[in-house]
Structure formats: structure tokens, C-alpha cells
Amino acid sequence: MEKSINVAVLVGSLRKASLNRMVANSLIALAPAPLQLEMIEIGHLPIYNQDAEDPAPAAWTPFRERIRSADAVLFVTPEHNRSVPAALKNALDVGSRPYGKSAWAGKPGAVVSVSPGAIGGFGANHHLRQSLVFLDVPAMQQPEAYIGHADKLFDPHGNLINEETRKFLTRFMQAFGAWIEANTRSKSHGA
Ligand code: FNR
């Protein structure tokens with residue numbers, strides 16, 4: 001049997017009817033075996049403040065451990081004022097500390113940006129990639145995923161109704177599976 005690959009999915013929107021959450025649910029449904037995707041909530045994480053470390057706020061520790069235990073990370077994010085929403089940036093910051101103990105280091109990643117707008121959250125997608133370079137998360141380059149006009153892609157129950165998007169998301173997850181395989185560092189090298 002193929003070994004399963006555990007992918008932590010972080011959604012940058014906190015709202016219930018989030019289009020990003022709908023896309024994330026579609027990605028989870030379309031992912032090929034052996035990828036096992038799980039959404040990790042970020043809305044409850046207190047805003048990062050180094051003064052609050054030791055002991056860290058109760059919510060930070062399990063979040064850090066959950067990211068640490070993941071084989072890969074998938075970010076699905078809206079664009080807020082041409083950048084990454086504060087909630088997602090905060091999750092990146094919380095996971096990156098204490099200094100020298102970043103939970104992100106070496107985990108293969110991928111970025112999907114989603115917007116009702118025409119340019120599909122391009123600005124957020126690339127601002128996020130800037131942080132991922134520093135966090136040592138090798139982020140898949142192709143295919144890029146800027147999901148525009150996202151308000152037209154789902155029925156009122158959150159089901160994906162656009163066939164082209166379904167095909168694209170399926171291809172995206174297949175490519176991500178291959179990316180994870182190609183970028184997973186040997187445990188013996190201390191990733
Ligand atoms: C937005 N929105 C937005 N959209 C976009 O394409 N580019 C942008 O820069 C912004 N800026 C922005 C700032 C703030 C504070 C909010 C609340 C919203 C609109 C955004 O794309 C829209 O609300 C999406 O529906 C958000 O994603 P979810 O919540 O549906 O997943």
C-alpha cells in the first residue's frame with residue numbers, strides 16, 4: 001500500500017460562506033491518493049507577540065505541532081488590499097517561532113488564491129510566496145493557481161459547478177502530489 005502523505009490546508013478567510021473554503025473543499029475532494037488533506041483552523045490564534053512566548057498562548061502550541069507533523073502545506077487564500085489577509089500572515093508568524101524552531105521549514109507547499117475579482121488574488125498569491133521563500137517552504141511554481149470570478153463557480157450549497165475549474169483543480173493537485181514527492185527531504189538530513 002502507498003504511504004499516505006499528510007497535507008495541512010490553511011484557508012486565509014475566516015468567514016462562513018468563504019469562497020476560498022469552497023475551493024479548499026473542492027481541492028480536498030479532488031486530491032489523488034495518497035494525499036490526505038486536512039483543514040487547519042487559524043482564526044483562533046492570538047496575534048503574534050514575542051512577549052507572550054514561554055509559556056505560549058494555549059492555541060499556539062497545538063497549531064505549531066500540527067504544522068510540524070504535516071508532510072506538506074497547501075495555502076488557499078483571498079487577497080486583502082493586494083496582499084495576504086492578516087489571519088493567514090499571523091498563522092505564518094506563529095508557526096515560524098520561537099526563533100530557530102520554525103514549524104514550516106522544508107515542507108513542500110503550494111498556493112491557491114481565490115477572488116470574485118478578475119485577477120484571482122494575484123497580489124496575495126505572490127506576497128505569500130515572498131514569505132514562503134524566507135520560511136524555507138519550497139512552493140510549487142507550475143501550475144500557478146489564480147482562481148478569478150470565484151463567485152460564479154459554485155452552487156448555493158458550495159458545490160463546484162464549473163467543469164473547467166474542476167479539471168484545473170484536479171490537475172493542480174496531481175502536480176502538487178508530484179511536487180511533494182520531489183521536494184520531500186530525507187528525515188535523516190534533519191529537515
Ligand atoms: C477584499 N477583497 C479583495 N479582492 C481582491 O481581489 N483584491 C483585493 O485586494 C481585495 N481586498 C479586500 C480587502 C478586504 C479587507 C476584504 C474584506 C475583501 C474582496 C475579497 O476578494 C472577497 O471578499 C472574497 O470573497 C474574500 O474571500 P472569501 O472570504 O470569500 O474566501
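This passage walks through one helix, two buried serines, a pocket and a few backbone oddities.

The model is a predicted one, so local features need pLDDT of at least 70 and side-chain atom pairs count only at pLDDT 80 or more, while totals for chains, interfaces and linings use all residues. Residues are numbered from 1 along each chain as its sequence is written, and side-chain values use heavy atoms, with hydrogens and water left out.

Helix 1 is a good place to start. Helices (H or I, at least four residues) and strands (E, at least two) are DSSP runs, numbered from the N terminus. Helix 1 takes in residues 19-30, 12 residues in all, and its first and last C-alpha atoms are 16 Å apart. That is close to the 16 Å expected at 1.5 Å a residue, the expected span being 1.5 Å times one less than the number of residues. Its buried residues (under 20% relative accessible area; exposed is over 50%, partly exposed in between, with a 1.4 Å probe and protein chains only) are Leu-19, Asn-20, Met-22, Val-23, Ala-24, Ser-26 and Leu-27. An α-helix has 3.6 residues a turn, so residues three or four places apart point the same way. The buried residues of helix 1 pack, with contact meaning heavy atoms within 4.5 Å, against strand 1 (5-11), strand 2 (35-39), strand 3 (72-77), strand 4 (109-114) and helix 5 (163-183). At the start of helix 1, the backbone nitrogen of Asn-20 has a side-chain oxygen of Ser-18 within 3.1 Å. Polar contacts here are pairs of N or O atoms within 3.5 Å; within protein, one must be able to donate a hydrogen and the other to accept it, and residues adjacent in sequence count only if both atoms are side-chain atoms.

Just ahead of this helix comes Ser-13, in the loop between strand 1 and helix 1. Ser-13 is buried, at 11% relative accessible area. A polar atom of its side chain sits 3.3 Å from the backbone nitrogen of Arg-15. Neighbours within four places in sequence aside, Ser-13 touches Ser-18, Asn-20, Arg-21 and Pro-78. A second buried serine, Ser-115 (16% relative accessible area), belongs to the loop between strand 4 and helix 4. With the same sequence neighbours set aside, the contacts of Ser-115 are Gly-120, Gly-121, Ile-147, Gly-148, His-149 and Ala-150.

Next, the second largest pocket. A pocket is an open set of points on a 1 Å grid over the protein atoms alone, where a 1.4 Å probe fits, with protein on both sides within 12 Å along at least five of seven lines; lining residues have an atom within 4 Å of a point. The second largest pocket has 13 lining residues, and Ser-96, Arg-97, Ser-102, Phe-134 and Leu-135 lie nearest its centre. Two elements give two or more residues to this lining, helix 3 (86-95) and helix 4 (122-134), and helix 3 gives the most, with three.

The backbone has some quirks too. Arg-97 to Pro-98 is a cis peptide bond, with omega near 0°, and Pro-98 lies in the loop between helix 3 and strand 4. The bond from Asp-54 to Pro-55 is also cis, with omega near 5°. Asn-81 is not a glycine, yet has a positive phi of about 50°; at 79% relative accessibility, Asn-81 is exposed.
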